[in-house]
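Work through the exercises below with the sequence and the 3D view open. Each task is followed by a solution in steps.

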Amino acid sequence: MDHTAPLILPSLLASDWSNIGAEVKRAEDAGARWLHLDVMDGAFVDNISFGPQMVQVVRKCTDMYLDAHLMIHRPDHYLDRFIKAGAQNITIHVEARYDTSVAETLRRIRAAGRHCGIALHPSTPFEAALPYVNDIDLLLVMTVVPGFGGQAFMEKETMPKLAAARDHRDKHGLKFHLEVDGGIYTTTAPIAKQHGANLFVCGTSSFGPPDMRQSMSELAASVA
Ligand code: DX5
Ligand code: ZN
């Protein structure tokens, strides 16, 4: 997909887990093409969500593109399980602990024929991504402190960094997507778009309202 085309990605974290298969279908029927999967280990972030087994369950329910966001330490140790589970993009945090390294983990993701991304915590500067920008399909600029859905968009702390990433990418003819995640609504998505984002992860704002078709189309219209 073109790295400038805007796309809304529902985050499964905000869905009704008592009916996960139906929720995946609800997202698909509402027009989603990519689904965002938030993996949390209770160590890198202060919350525990789900692991590769859930990714595999979702894989069985849909052909949507699965975007796995690993908020975990030692992503290199767990990597093969997420690849096997069928994630098409795997995003790892530069701040996590590695048995090997960020670069080696990205190399392995690509060697498996999957797309790879790196994520930056709100307090991590864009410079931390610089060693990897030639090797990624996606840069995720977190717009909340990772760990929980339903938090407020950190505009001041993150938008200058997003714009810096966009400017660096365009100046060097690179082609990675710019993804934002956390506090994205019809009010904040256009601000993120203005600063360079094209992938908008939406949890509460997509799965929250009863009519997801409507929430997805309003979100899409806000960044069209
Ligand atoms: C936060 C997660 C997000 C979360 C976003 O740690 O990475 O993907 O689901 O939720 P909302 O859209 O509710 O802020
Ligand atoms: Zn996420």
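**Exercise 1.** Which pocket does ligand 1 take up?

Solution. The model is predicted, so local features need pLDDT of at least 70 and side-chain atom pairs count only at pLDDT 80 or more, while totals for chains, interfaces and linings use all residues. Residues are numbered from 1 along each chain as its sequence is written, chains are lettered from A and ligands numbered from 1 in the order written, and side-chain values use heavy atoms, without hydrogens and water. Ligand 1 occupies the space of the largest pocket.

**Exercise 2.** Describe the shell around ligand 1.

Solution. Start with the count: 20 residues surround ligand 1 (a heavy atom within 4 Å). The closest are Asp 38, Gly 147, Asp 181, Gly 203 and Thr 204. Next, sort the shell by type: 8 residues are nonpolar, 10 polar and 2 charged. Then turn to the strands: strand 2 (34-40), strand 3 (65-71) and strand 8 (199-202) each supply at least two shell residues. Strand 2 gives the most, with 3 residues.

**Exercise 3.** Find polar contacts of ligand 1 (pairs of N or O atoms within 3.5 Å).

Solution. Begin with the backbone: an N or O atom of Gly 147 is 2.7 Å from a ligand oxygen, and a polar backbone atom of Gly 150 is 2.9 Å from an oxygen of ligand 1. Continue with side chains: an N or O atom of His 69 lies 3.4 Å from a ligand oxygen. Finish with the area: ligand 1 alone exposes 380 Å² (Shrake-Rupley method, 1.4 Å probe), and the protein buries 99% of that.

Technical notes
A polar contact is a pair of N or O atoms within 3.5 Å; within protein, one must be able to donate a hydrogen and the other to accept it, and residues adjacent in sequence count only if both atoms are side-chain atoms. On a 1 Å grid over the protein atoms alone, a cavity is a set of points where a 1.4 Å probe fits but cannot get out, and a pocket is an open set with protein on both sides within 12 Å along at least five of seven lines; lining residues have an atom within 4 Å of a point. A molecule sits in a cavity or pocket if more than half of its atoms lie within 2 Å of its grid points. Helices (H or I, at least four residues) and strands (E, at least two) are DSSP runs, numbered from the N terminus. Ala, Val, Leu, Ile, Met, Phe, Trp, Tyr, Cys and Pro count as nonpolar, Asp, Glu, Lys and Arg as charged, and the others, Gly among them, as polar.
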